Structure formats: structure tokens, C-alpha cells
Amino acid sequence: MLAIVHSRASVGVTAPAVTVEVHLSGGLPALSIVGMPETAVRESRERVRSALLNSGFEFPARRITINLAPADLPKEGARFDLPIAIGILAASGQLPLEPLAQLEFIGELSLDGALRPLNGVLPAAIAVTKTGTRLLVPQQNASEASLVSQGNVFATNHLLAVCAHLTGQEQLSPVATVQAESSVFHGGIPDLADVRGQHVPRRALEVAAAGQHNLLFFGPPGTGKSMLASRLPGILPVLDPDSALDVAAIHSVSGRPVTPEVWRQPPYRAPHHTASAVAMVGGGSHPRPGEISLAHGGVLFLDELPEFERRVLEVLREPMESGFIAISRSARQVEFPARFQLVAAMNPCPCGFLGHPTRECQCTAQQVLRYSSKVSGPLLDRFDLHVEMPVQGADVLMHNHGAGQIEEASESSAVVRERVLVARERQVYRGCVNGRLAGRELQEACRLDSACQKMLAGAMDRLGLSARALHRIQRVARTLADLDSADSVNQRHVAEALGYRQLDRQQANRSPVSS
């Protein structure tokens, strides 16, 4: 007898359909699985046998052939345990065949028949929502499935409950859909009010948030570079539902928890400088997302930027422009989203005290040059803002003295975020966030009068700016205009945008060491 059960594989952040065909025939008792099963799939025969017997079912003493179609799609993991068990029960007449036509199954079985949670359930739930079928998942995956459930996702914790649902003895209730209104910012995000002083870097952080610009902080140790960068997610807008689903799908296939209450918060990733290129971009024999994909829709923070391996930093350049990373293997190619906002921090020299007001730098000119050259020019060009973090005095850190500075320094993330939201709304109305403006869109959004053009031309000659750097200055100027609720970019906006290219200015003023 033949039974057909529907399931879903996991490939990248997609869930292609898999048909589990179970055929019982005469001959010596045996169970064989075909269709490119990986080791974990082949081992399912023992898990399924024990689960069926311990749940009170009969395991057929016949020749059982299981085909996972399509045959050219690699199958991995234990997600096919449940559909294989259901197929064996249906083929042996212990379950009816009719309810299997419009229901898909994924789940790992324990030896007693309990369902264990899986990675990559959310992409499967998204897929069945598009096809109009229904999906049954382990109970512990119900929360992430609730993000897209439209009454077509069911969850339970045991094989017996699945069989009772199929026979009509005890129907399972659909997983309730999470309410989008509850997806707002919650506690746990550091507040910008904790930062003392650093008025120019705080302003740069607000500009970066408003226009989704890449930002580089540089300065001596202990000036608050990491502290300020960690406050960026708290002033960013929440993700729109489509982007939030992309982020949640990446976290689902990575085995990270997907919490409905905070699923629209932008992610924040801060890998250590010892991270490898594979850890950064993703990979493996079965490709998994890397840090840049886990930061999709949010912030990727690289502290001690020059301490990262050169090749690790260079692999960031392409996804920063394209917004995705393609990982190729001999059998297939997998694409992961990687539209992240890059924030980095670095010291001015190996010892960290170049330009410090009270501590003397111990580095030679060659050491300083070698240290700064670890960050290539093409990568540096991809930062919209280069901002120095100066050393703050004790009066600022402890008391925040100074007329006119107390109110600004005490601004919370919520206050700054309101200004960011207003600026973002103007960009959404134009059709594209400023950090991604290019070509004709950039020219239309950032029309410059003759005075602004002359100012930019002079800066380009004086600082030796590339065309990419010039375009990034224009984007920042457009963001500054949006923060001012201005319809056009003026000289003040261009001048401030140029002021955020401090490394370009330093390099232009630095005489070559080799001369």
C-alpha cells in the first residue's frame, strides 16, 4: 500500500516542498530511505520505530520503502521523522489517508513519541501560508509560527495528539496569530541618556539612524565608542512586517529564539575581532547564516576594526552594496539577506593614545601607518560618517557642567527616536531611505544649487575624495535636511556632512611617511 505525506525541507531561508512517499510491500522486514537523505535522516528509521512502538502502534513487519522527493534536493536534519511516521501508519491502515492531502508535517520524534522543536520552522510556516495548505509543527515552535499563522498552523507535543487530530477524535486548535500592535520596543535596550558629553558623536549617531548610514567612530580607549554604538538600536524605527519576517526567518534557521513580543526590533550584532570570514558571512557544508545576515535589518558593530583580519573585512564590501550574500557549494547556491547598517570603532594608533591630551603616544609613524592601513581605502569609502570621539573631562563625566549642554546630554533614546521617525517618514514618502539612494534617485532627492556644488567640488579636490565618497556626502546632507524638515539641501547641510569625513581630512593633511 502507498501513502503520500507532505513536508518541507530547509534550504537557506526557504522551505521547499518535499513529498514523503511510503510504500509497504512483501518480503523480508526492512526499511530503506531514498532521495538523498543525510545521516540524520537515515537515522530516523530507529527513532520512528521506537516512537511508534512506545506510542502503542504496530510497526509493520514488511518491506518499507520511503522516498523523499524531489530526489535531487539534499535532505538534512530530523524534521522528516514525523511525516515518515505518519506515512508508515497511513500505509499500514492505522490512519486514514484522506486528511493527509491538505496537511503538511515537520517534527523530530523522541523515542517515546514526543515532538521536539526544530530550526527553520518559520520559513515553512511562511511557505504554507502562500500555498494555502496547513502545517503541523512541534508545540515549542508555536510561538514563531504564530507570526504568520492565519488559522492554518497547528502545534502539539506528541505523536498521539497528531493521530487523534487526523482521526477526528480530538481536533487541534490553530495557533493564534500574534498581534502586530504588541510588537513595540521593550526594556533591555541601552538608553542614550547614559552617554555624557560627546555632543558631536551623539549628533552623528542620530544622523546615522535617520538615514541608515554607515558610521565609524575613532578615538582613544575609554571615550565611549562601544557605549555609543550600542545605543543605536534604541533610536531606530521598528522594522516593517515584511522586513521583520525576513529577520525572524534568519534567526529561525540559525536556531535562535524568535520572540513575538520583540520581533520587530532591529537586531544588533557585535562579533569579536577574532571572528573568521565564514563566521562573518556564513557558510559550512550546509550553508548557515553568518553575522552579516543575523544583522539584517539592524546593526552590525565591529569594535577594534583594524584587529579584524583583512580578508574578513574585505568580504563585507559586496554585501554592503548588494544587500545579500550568496554562498556557493558544488551542489547548490544559497542566498541570505544581508542589508545591515555597519557601525565600527577603532583607535587612532596601536597604543591608542595618538592625539590624547594627557597621555603620550608610544607608536612610530610607521606603526601608525601600518595600523591604519589595515582598513582598506575601498572599505573606508563605504562609511558615510567618520567621527572622532574626544577625551571627556571629569566635570563632564561626573556632573555634565556647562550651560546649554545639560538638556542635550540628558536626551533619552525615546526623544531622539521621535526626530529620527519624522526624518524617516520623509524618506519613505520619497520612496527610498537616504543611505540607499543611488543614480537618478540620488540626483532627484539631493538637488544642489551652484554654491553647494562649488563647495563639494572644492572639498573633492582638497581631500582627494572618490566618487563613492562624494555620493555618500550627498546622502548625509539629504538626511540632515530631513532632520531639519527642509525640502532642499543647503550649504549648511553640505558643510556639516563634510565635517563628518574626518578621516579623509586627516589623510589629506598627513604627509607620506616614505617621502
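**Entry 1. A loop residue**

Does Q198 count as buried or exposed? I looked this up first and found that Q198 counts as buried, at 3% relative accessibility. I note here that the model is a predicted one. Q198 sits in the loop that connects helix 6 (159-167) with helix 7 (199-211). Its backbone also drew my attention, for Q198 has a positive phi of about 50° although it is not a glycine.

I then turned to S485, which likewise is not a glycine and has a positive phi, of about 55°. S485 belongs to the loop between helix 21 (467-483) and helix 22 (491-499). With a relative accessibility of 46%, S485 counts as partly exposed. I recorded both residues because most residues other than glycine have a negative phi.

In the same search I listed a cis peptide bond, which runs from A69 to P70 and has omega near 5°. I placed P70 in the loop between strand 4 (63-69) and helix 3 (81-91). Most peptide bonds are trans.

**Entry 2. The chain as a whole**

I next looked up the overall figures. The chain has 515 residues, of which 52% count as buried. I read 23 helices and 18 strands in the chain. The C-alpha trace spans about 85 × 50 × 45 Å along its principal axes.

For a sense of distance I took E43 and K225, which are 182 residues apart along the chain and whose C-alpha atoms are separated by 50 Å. E43 lies in the loop between helix 1 (39-42) and helix 2 (44-54). I found E43 to be partly exposed, since its relative accessibility is 44% and the partly exposed class lies between 20% and 50%.

**Entry 3. The five-stranded sheet**

I traced an open sheet of five strands, with parallel pairing and the order 11-14-17-10-18. Which strands stand at its edges? They are strand 11 and strand 18 (385-388); each has a single partner strand, so one side of each is left without a neighbour in the sheet.

I followed strand 10 (residues 215-218) residue by residue. L215 and F217 point one way from the strand, while L216 and F218 point the other way, and all are buried. Strand 10 runs parallel to strand 17 (residues 341-346), and four bridges join the two. On that side, V343 in strand 17 is the bridge partner of L215. Strand 10 also pairs with strand 18 in the parallel sense, over four bridges. There L215 stands opposite L385 of strand 18.

At the other edge I noted that strand 11 pairs with strand 14 in the parallel sense, over two bridges. Y268 stands opposite V299, a residue of strand 14.

**Entry 4. Aromatic rings**

How many aromatic pairs does a search of the whole structure find? It finds one. The pair is formed by Y268 and F301, is stacked, and has 6.4 Å from centre to centre with 20° between the planes. I classed the pair as stacked because planes under 30 degrees apart count as such. The pair links distant parts of the chain, as Y268 belongs to strand 11 (residues 268-269) and F301 to strand 14 (residues 299-302), 33 residues apart.

I compared the accessibility of the two residues. Y268 is partly exposed, with a relative accessible area of 28%, whereas F301 is buried, with a relative accessible area of 4%.

I also checked for a charge over a ring. R359 lies over the face of F353, at 4.0 Å from the ring centre.

**Entry 5. The largest pocket**

Last, I looked up the largest pocket, which holds about 590 Å³ of space. I counted 23 residues in the lining, and those closest to the pocket centre are Q212, D240, S243, R424 and R436.

Which helix gives the largest share of the lining? Helix 18 does, with four residues. Helix 9 (241-253) and helix 18 (413-430) each supply at least two lining residues. By residue class, I recorded nine nonpolar, eight polar and six charged residues in the lining.

How values were computed. Residues are numbered from 1 along each chain as its sequence is written. This is a predicted model: local features need pLDDT of at least 70, side-chain atom pairs count only at pLDDT 80 or more; totals for chains, interfaces and linings use all residues. Side-chain values use heavy atoms; hydrogens and water are left out. On a 1 Å grid over the protein atoms alone, a cavity is a set of points where a 1.4 Å probe fits but cannot get out, and a pocket is an open set with protein on both sides within 12 Å along at least five of seven lines; lining residues have an atom within 4 Å of a point. Grid points are joined across faces, edges and corners, and a volume is the space filled by probe spheres set on the points. Ala, Val, Leu, Ile, Met, Phe, Trp, Tyr, Cys and Pro count as nonpolar, Asp, Glu, Lys and Arg as charged, and the others, Gly among them, as polar. Rings of Phe, Tyr and Trp (its six-membered ring) pair if their centres lie within 6.5 Å; planes under 30 degrees apart count as stacked, over 60 as edge-to-face and the rest as tilted. Buried means under 20% relative accessible area, exposed over 50%, partly exposed in between (1.4 Å probe, protein chains only). A charge sits over a ring if NZ of Lys or CZ of Arg is within 6 Å of the ring centre and within 35 degrees of the ring normal. Two strands pair if DSSP finds at least two bridges between them.
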